[in-house]
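Student: Could you take me through one part of this protein in detail? I would like to look closely at a sheet and its surroundings, and then at the charged pairs.

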Amino acid sequence: MTRQEKGLWTAVIVLTLGMLVMGSVMVVQGLRNGREGTDSPQDTNQEEGNAVATINGEVITNKEWTEALKRRYGSELLLQMLNRKAVYAEALDRNLTVTPKEIAKELAAAMDGYDSEKAYFDEMQSQLGLSRQDLELEAGYRLLLEKIATSGIQIKDADIEHYWNEHHEDYVSPEKYDLSIIVLKEEDQAKSVLDALDKGADFEETARNESTDSYSRDSGGRLGWIEQNDPFQSEAILKLAAQLDVGDIAGPVKMEEGYAIIKMNDKQERKVQSAEEVREEIRMQLALSQADPLPQVEERLRNKYEAVIIAEIPAS
């Protein structure tokens with residue numbers, strides 16, 4: 001899977017899990033409604049009438065909320081639930097499993113570009129309400145589905161070697177820099193600030209007080225990790241960064257917004273993965289190129305395990 005495809009699948013994971021989280025109340029409501037003989041009609045009416053929110057004196061009931069969720073997410077959520085039941089049943093039948101190591105590798109690709117593993121999981125939790133377990137489960141589902149789709153497809157070693165030679169650069173991690181920056185409008189001002197930094201002035205405090213870069217100023221000038229060939233960064237800054245060691249402060253360098261002073265907080269050397277390291281990844285990529293599309297595999301499995309939608313889903 002290419003980096004672009006991994007990024008797209010991460011977006012699919014987020015959307016899918018969002019539907020599952022927002023639609024979970026539908027499942028709970030369905031279970032409640034399905035307990036015939038457990039609740040009296042009066043209890044059922046009270047449950048449906050329970051208020052979940054009020055605004056301007058008006059009440060939004062649990063029933064109204066549930067129906068709105070069904071209209072918005074009902075079909076997608078139900079289909080996702082059926083897919084998972086079918087895929088897990090097929091994996092059990094074929095004795096297919098996914099290891100924690102495989103899941104960790106899948107998530108590592110998704111978190112590429114984040115400052116750290118913690119930063120990735122914290123953002124998923126704070127922005128989308130998705131826990132680490134949510135993401136691990138979705139990654140595991142994806143891997144199981146791929147194994148089912150490619151089961152029986154044989155890839156020759158020669159084909160793996162050829163793919164590796166043709167796509168060598170796809171498996172190269174370029175040099176990365178953890179940079180902080182101070183941007184100033186005038187060169188003389190930048191030189192004065194650099195002189196103060198050389199004499200011991202605090203970089204973060206100076207960035208907050210002096211930098212004109214609104215993106216990094218409030219975080220003490222921190223840009224975070226950027227790749228050596230980052231197309232969104234100034235070529236002059238990247239060229240200067242390539243010459244620095246960890247802890248170095250250098251500049252000023254001319255850029256479109258003014259003059260920049262940069263600090264190298266940390267760096268990661270360029271890393272080239274060997275064919276042996278990525279052999280299974282390449283095998284899967286080639287097998288998937290020969291396999292049926294994954295949505296088609298899901299549909300086939302739903303049919304195999306006789307999925308039937310009984311309830312009518314309200315139209316959106």
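Tutor: Happily; here is the sheet, then one residue in it, then the salt bridges.

A word on the ground rules: this is a predicted model, in which local features need pLDDT of at least 70 and side-chain atom pairs count only at pLDDT 80 or more, while totals for chains, interfaces and linings use all residues. Residues are numbered from 1 along each chain as its sequence is written, and side-chain values use heavy atoms, with hydrogens and water left out.

For orientation, the protein chain has 13 helices and 8 strands; these are DSSP runs numbered from the N terminus, with helices being H or I of at least four residues and strands E of at least two. Of its 316 residues, 35% are buried. Buried means under 20% relative accessible area, exposed means over 50%, and partly exposed lies in between (1.4 Å probe, protein chains only).

Now to the sheet. Four strands form an open sheet in the order β5-β4-β7-β6, with antiparallel pairing; two strands pair if DSSP finds at least two bridges between them. At the edges sit β5 (222-227) and β6 (249-255), each pairing on one side only. On average, neighbouring strands here are turned by 40° against each other, direction ignored. Strand β4 (residues 176-184) pairs with strand β7 (residues 258-268) over 9 bridges in the antiparallel sense, and I182 has I261 in β7 as its bridge partner.

Two helices lie across this sheet. Helix α8 (residues 187-198) lies across β4, β6 and β7 and runs at about 170° to β6. Helix α9 also lies across β4, β6 and β7, but its angle is given to β4, at about 45°. Axes here are lines fitted to C-alpha atoms, for helices over the stretch in contact, and angles run from 0 to 180 degrees between N-to-C directions.

Let's zoom in on D178, which is found in strand β4. D178 counts as buried, at 6% relative accessibility. Its side chain and that of R222 are joined by a polar contact of 2.7 Å. (A polar contact is a pair of N or O atoms within 3.5 Å; within protein, one must be able to donate a hydrogen and the other to accept it, and residues adjacent in sequence count only if both atoms are side-chain atoms.) Leaving aside neighbours within four places in sequence, D178 is in contact with residues including R222, W225 and K263, where contact means heavy atoms within 4.5 Å.

On to the charged pairs. Side chains of opposite charge can pair when their charged atoms come close. The count comes to 20 salt bridges, each being a side-chain nitrogen of Lys or Arg within 4 Å of a carboxyl oxygen of Asp or Glu.

In helix α9 (residues 203-210), R208 and E204 are 4 residues apart, separated by about one helical turn. Their salt bridge has its closest N and O atoms 3.8 Å apart. R208 is partly exposed, with a relative accessible area of 43%, and E204 is partly exposed with 43%.

Elsewhere, R279 and E161 meet in a salt bridge of 2.8 Å, N to O. R279 lies in helix α12 (residues 279-290) and E161 in helix α7 (residues 157-166), so the pair ties together parts 118 residues apart in sequence. E161 is partly exposed, at 32% relative accessible area. Both residues belong to a network of salt bridges linking D157, E161, E276 and R279.
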